[in-house]
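Q: Could you take a close look at one part of this model for me, and then tell me how the rest of the chain fits around that part?

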Amino acid sequence: MTAAIPGLLRELTPRVLGVLVRRFGEFDQCEDAVQEALLSAAQQWPSDGVPANPTGWLVTVASRRWTEMWRSETARRRRETNAAQLEPPAAPPAPAEDDTLTLLLLCCHPALTPVSQVALTLRAVGGLTTAEIARALLAPEATVGQRISRAKQRLKGTQFTLQPAAELADRMVAVRHVLYLIFNEGYTASSGPTLQRVQLSVEAIRLTRQLHALRPHDGEVAGLLALMLLTDARQPARTDSDGALIPLAEQDRTRWDRAAINEGTALVTRALATAEPGPFQLQAAIAAVHDEAATAAETDWPQILVLYDLLHHVAPGPMVTLGRIVALSMVDGLRAGLRALDTAAGEPVLAGHHRLHAVRAHLLDLTGDAAGARAEYELAARRTLSIPERAYLESRAHRRSS
């Protein structure tokens, strides 16, 4: 049970923070109070046991800490002549509903820049550390820390309520991007000993379902939910009994979650038929083509290449570039893919990225260039922070040297 405590605390963090922000309204101080409550739980629960109501325990401890900080700050500013008579605002009972979605929308407040919205939401709702956020955003850790600090300051005094539908649309771009990043960090952890952090991907899907219920005609929300479902459906087949990574082409597709695939396919099919195609709908369509193939050999690569061409036009980016190159290689030949990869290597964001080297290794491997593939696998392994990915890449390199 002790090993499960960190995951439980991460899951409960946004809910507890949502309760405190609803009660007291000071985002920055509320987050500090919640962090101290989490620290107390991490110290006490392993020996004392997890409380019957862990959320209530955290809310109580965090509220008590907020009260202490409020009194200290009030006394410091000399707002009252008798500090002993000071009392915090009356705290209403914790709401029965989950405040996580409202907290997410608060973090995507229009007063914040888009990148600050993403960083703050990943911290407050996703529960990611500053280092994890920095890797997800491909930004320096110190820069991300400063953005989060400034964002919390900007939210001081902001009302904690769900926005009217007319205002909600303005926040959807940031909200969708945040949920996408949270899901990705859960599905393929950017660092650490495990390939997946399931609690993050599950939470991202849960929140996206709520958004879809709130905005059923938003094609990109539907596309995002479809993408998550179609991708997460492969989760049971992604690792072996030892936790080692199994690439898509080698997975046992009978272990894929067909219910999730059917739901995701229906979502993206309906969205593409009723809304203007957007990046998440196109990514979901690509995932659906992969999932519909009974074997890797039956994958409809020409259709995937067409979808990647559309995606590159709508939302170009480094990972889109790499995905398109793989599809191009399957359609126009490996040499065409390698030439395109050489061109892409000149892009600043991709230069030196472990995934670029991993793709090159894969293509060289398919051409029969064992020595070249081994060198690229080794280079990719040195540059990834994910231990399972590193082990997989090193095993591929070892096979090419034997």
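What follows is a request about one residue and a single connected answer.

Q: I'd like to zoom in on H357: which helix holds H357, and which residues is H357 in contact with, leaving aside its neighbours within four places in sequence?

A: Some housekeeping before H357. This is a predicted model, in which local features need pLDDT of at least 70, side-chain atom pairs count only at pLDDT 80 or more, and totals for chains, interfaces and linings use all residues. Residues are numbered from 1 along each chain as its sequence is written, and side-chain values use heavy atoms, with hydrogens and water left out.

Now to your residue. H357 sits in helix 17, which covers residues 354-367; helices here are DSSP runs of H or I with at least four residues, strands are runs of E with at least two, and both are numbered from the N terminus. H357 counts as buried because its relative accessibility is 8%. The cut-offs are these: buried means under 20% relative accessible area, exposed means over 50%, and partly exposed is in between, with a 1.4 Å probe and protein chains only. Setting aside neighbours within four places in sequence, H357 is in contact with G352, E376, L379, A380 and R383, where contact means heavy atoms within 4.5 Å. Take A380 from that list: 23 residues separate H357 and A380 along the chain, and their C-alpha atoms are 5.2 Å apart.

That leads straight to helix 18, which runs over residues 370-383. Helix 18 has 14 residues and reaches 20 Å from its first C-alpha to its last, close to the 20 Å expected at 1.5 Å a residue. The expected span is 1.5 Å times one less than the number of residues in the helix. The buried residues in helix 18 include E376, L379 and A380, and those three names also turn up among the contacts of H357. G372, A373, Y377 and A381 are buried in helix 18 too. As background, an α-helix has 3.6 residues a turn, so residues three or four places apart point the same way.

For a helix elsewhere in the chain, try helix 9. Its 16 residues, 172-187, should span 22 Å at 1.5 Å a residue, and the end C-alpha atoms are 22 Å apart, which agrees. Helix 9 is mostly covered, with 13 of its 16 residues buried.

A few other residues help fill in the picture. T13, in helix 1 (residues 5-24), is buried, with a relative accessible area of 8%. T13 touches V34, L38 and A124 once residues up to four places away in sequence are left out. T13 and R123 are 110 residues apart in sequence, yet 9.7 Å apart in space, C-alpha to C-alpha. S116 belongs to helix 5 (residues 114-124) and, at 11% relative accessibility, counts as buried. Its contacts, again not counting residues up to four places away in sequence, are R147 and A151.

Two others are partly exposed. L272, in helix 12 (residues 258-274), has 34% relative accessibility and so counts as partly exposed. Beyond its neighbours within four places in sequence, L272 is in contact with P277, Q281 and A285. The C-alpha atoms of L272 and E220 are 9.3 Å apart, with their positions 52 residues apart along the chain. P46, in helix 2 (residues 27-48), counts as partly exposed at 38% relative accessibility, and touches T2, I5 and A41 when residues up to four places away in sequence are not counted. From P46 to R270, 224 residues apart along the chain, the C-alpha separation is 48 Å.

Stepping back, the chain has 19 helices and zero strands. Its radius of gyration is 23 Å, close to the 21 Å that the globule rule gives for 402 residues, so the chain is as compact as a globular protein of that length. That radius is taken over C-alpha atoms, and the rule is 2.2 Å times the number of residues to the power 0.38. Along the principal axes, the C-alpha atoms fill a box of roughly 80 × 50 × 40 Å. Of the 402 residues, 50% count as buried. Among contacts between residues at least 6 apart in sequence, 63% join residues at least 24 apart.
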